[in-house]
Amino acid sequence: SFHGCVRRWSCARASGAMAIYINYGEGEADAVVQGAEWLQQIIANQEGQDAEKKFVEQFKALRGDMEDNQCYGPVFDLFLDHSGELFTAVPESRGEERMKEIESFFAVVLSMLLMSEETEHMDSATTRLCELLTSSVDQQPDLRLRLLMNLYNTFPANLEFRYRIFKYIVDYAAQANLFDQVMPYLEYLDAWMADWEMYGYLTLDDKRTLFLDISKYVRALGKRVDSFQFLKRYHQLFQGAAADVIKDPKVQEATVQLLKDAAQLPSVIQYDDVLSYAPVAALEKTKQGDLVKLCQIFFNGTIQDLRDFHKKNEALFKEHGLEIQDAMAKMKLLTLATLAQAMSEMSLAEVAKGLEESEDDIERWVVRAISEGVIDGRIDQLNHKVLIKSAFQRKFEKDEWAFLDTKLSSWIENLESVIKFIGDQKAGKEGRGLPVAAGAA
C-alpha cells in the first residue's frame with residue numbers, strides 16, 4: 001500500500017535540476033507513472049539518451065494496458081530491467097537523499113508486485129527481485145538489506161514467498177557482514193515458522209537448512225552459545241531419519257561441531273539431550289566416535305574416567321582444540337552436582353575429597369558451582385559445611401525416577417499428616433465448645 005502523502009523526488013540532469021512530485025494518494029497508476037519518470041532520469045544520467053529513449057518507448061507501449069486493465073506485471077519487469085545500477089547512482093555529496101529516493105522507488109515496485117494477479121509471475125518476480133537486491137555486498141549493502149526487509153513485510157503471512165524472502169535476508173546479511181542487524185528478529189523466528197508451517201510452505205529440509213545456516217552465521221559473530229542452541233535444534237530434526245541421511249558428510253560435520261561445543265562451552269552441563277540425537281549415535285560408530293565418548297563421561301562419568309580418557313586420547317584433544325584443564329574444571333562441577341544429590345548438607349572435607357582438591361582450595365569450587373547454577377545453596381564457614389537446597393540432575397533415568405517417587409510419597413504422607421492434625425484440632429475445639437478461628441480448614 002502507498003503512504004497517502006506527497007513525496008518529492010528530485011533528480012539532477014546534465015541540462016539542469018529537475019523536480020518530480022509523486023502523489024501516493026491519487027491512485028496506483030499515477031504513482032507508477034511518476035516512478036517511471038524518475039527512473040527515466042537515472043537512465044539518462046547513467047546510460048545516455050538512446051537508452052532513455054528506448055525506456056520511454058517501452059513504458060508508453062505498456063502504459064495503456066496497465067491503466068486500462070490493471071496489468072502491472074510487464075511494467076514491474078521493465079522497472080527491474082533498469083534497477084540493477086540504481087545502487088551505483090548514490091553520490092557522496094547527497095547520498096542520504098538519493099538513498100531515500102531509491103527506497104521510495106522500490107516502494108512503488110513492491111506495490112506493483114502485490115498487484116500481480118498471476119501466481120506464476122509473482123513467484124518469478126519475487127525471486128528476481130531478491131536476486132537483484134542480493135547481487136552485491138559492496139554497493140549499498142545496508143540499503144539492500146533494508147529493502148529486503150521491506151519486501152518481507154510486504155507479503156501477508158499466508159503467502160509462500162515469505163520464507164523464501166526471509167532466507168534471502170539471513171543469507172545476504174551474513175555475506176555482507178550485517179547479520180548483527182538480523183539478530184534482534186530471531187526471537188520471532190518460532191512464531192514466523194509456525195505461520196510458514198501452518199500454510200504448508202516450510203519443508204523439513206527447509207527447517208534443517210535454516211537452523212544450520214543461522215547457527216553458522218551466529219557463530220561468525222562470536223555468539224557461540226546461541227550457535228550451539230540452533231545447532232541442537234538442527235539435530236532434533238533428524239529423529240527417525242533414514243541412515244543415509246544421518247550419515248551425510250554435512251550432517252556429520254555439524255555433529256562434530258555440536259559435540260565440540262558441548263565439551264568446550266562452560267555453560268553446557270546437560271548432556272542427556274545431546275546424546276539422544278540420532279546423528280550423535282551414528283557418529284559414535286565413526287572415527288570421530290571418541291567425541292561422543294567424551295560427552296558420555298560428562299554425562300555420567302567421574303574425574304578419574306576423564307583423566308584416563310585424556311591419557312588415551314591426547315590426539316583427540318589436540319585435533320579439536322580441547323583443553324584438559326577446562327574439561328577437568330567442568331568435570332569437577334558435575335561431580336559436585338552428583339555428590340550433592342539427595343543431600344541437605346556436606347562438610348567441606350567431603351567435598352574436597354570427592355573433587356580431589358585440598359580443603360584450603362575447595363571453597364572456590366563451591367562458590368563457582370553456586371554461581372553457575374550447579375547447586376543451590378550456601379557455605380556455612382563457621383561449621384565448614386555446604387548447606388544444599390538442590391543440585392543439578394546430571395541424568396534422569398530409572399534410579400532417579402524411583403528416588404523422585406519416594407520423595408513424592410514422603411511429601412504426600414507429610415501433607416496428609418498436616419491435614420489430619422488440623423482436622424483433629426478443629427474437632428477438639430468444637431467438642432469443648434471453643435470458637436473456631438475464621439478460615440480454619
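**Entry 1: the whole chain**

I began with burial and found that 43% of the 441 residues in the protein are buried. I note here that the model is predicted. I then listed the secondary structure, and the protein has 21 helices and five strands. For the surface, I recorded an exposed area of about 23,400 Å², of which carbon and sulfur atoms supply 50%. I also looked up the contacts with a separation of 6 or more, and residues 24 or more positions apart account for 59% of them.

**Entry 2: confidence**

I looked up the pLDDT next. The protein averages 86, and 87% of the residues score at least 70. I asked where confidence is lowest and where it is highest. The lowest mean, 30, belongs to strand 1 (residues 6-13), and the highest, 98, belongs to helix 10 (residues 224-236). Over residues 1-27 the pLDDT is below 50, yet I noted that this stretch has 64 contacts in the model beyond near neighbours in sequence.

**Entry 3: aromatic pairs**

I searched the whole structure for aromatic pairs, and the search gave 19. I examined Phe-105 and Phe-106, whose ring centres are 5.6 Å apart. Their planes meet at 75 degrees; because an angle over 60 counts as edge-to-face, the pair is of that kind. Both residues are buried: Phe-105 has a relative accessible area of 0%, and Phe-106 has one of 2%.

I then turned to Tyr-163 and Trp-196, which also form an edge-to-face pair, with 5.3 Å from centre to centre and 65 degrees between the planes. This pair links distant parts of the chain, for Tyr-163 is in helix 7 (residues 161-175) and Trp-196 is in helix 8 (residues 189-198), 33 residues apart. I checked whether each partner is buried or exposed. Tyr-163 counts as buried at 9% relative accessibility, since the limit for burial is under 20%. Trp-196 is buried as well, at 1%.

I also traced a cluster linked by ring pairs, and its members are Trp-38, Phe-55, Phe-59, Phe-79, Phe-87, Phe-105 and Phe-106. One of these rings, that of Phe-87, has the charged end of Arg-144 over it, 4.0 Å from the ring centre.

**Entry 4: Arg-208**

I located Arg-208 in helix 9 (residues 204-220). What lies beneath this arginine? I found that Arg-208 lies over the face of Phe-238, at 4.1 Å from the ring centre. Phe-238 appears again in the contacts of Arg-208, which, apart from neighbours within four places in sequence, are Tyr-234, Leu-237, Phe-238, Ala-241 and Val-245. Arg-208 has a relative accessible area of 11%, which means that this residue is buried. I also recorded 9.5 Å between the C-alpha atoms of Arg-208 and Leu-231, which are 23 residues apart along the chain.

**Entry 5: helix 19**

Which residues of helix 19 (residues 348-355) are buried? I listed Leu-348, Val-351, Ala-352 and Leu-355. I then looked down the axis of helix 19: the buried residues fall within an arc of 100 degrees, and therefore they line one face of the helix. I looked up what these residues pack against, and the list holds helix 16 (303-312), helix 18 (324-340), strand 3 (345-347), helix 20 (362-371) and strand 5 (385-391). Lastly, I noted that Glu-356, just after helix 19, takes a positive phi of about 60 degrees.

Methods. Residues are numbered from 1 along each chain as its sequence is written. This is a predicted model: local features need pLDDT of at least 70, side-chain atom pairs count only at pLDDT 80 or more; totals for chains, interfaces and linings use all residues. Side-chain values use heavy atoms; hydrogens and water are left out. Rings of Phe, Tyr and Trp (its six-membered ring) pair if their centres lie within 6.5 Å; planes under 30 degrees apart count as stacked, over 60 as edge-to-face and the rest as tilted. Buried means under 20% relative accessible area, exposed over 50%, partly exposed in between (1.4 Å probe, protein chains only). Helices (H or I, at least four residues) and strands (E, at least two) are DSSP runs, numbered from the N terminus. A charge sits over a ring if NZ of Lys or CZ of Arg is within 6 Å of the ring centre and within 35 degrees of the ring normal. Contact means heavy atoms within 4.5 Å. Accessible areas come from the Shrake-Rupley method with a 1.4 Å probe; for residues, only the protein chains shown count as cover. pLDDT is the predictor's confidence in each residue, from 0 to 100. The arc is that of the directions from the helix axis to the C-beta atoms.
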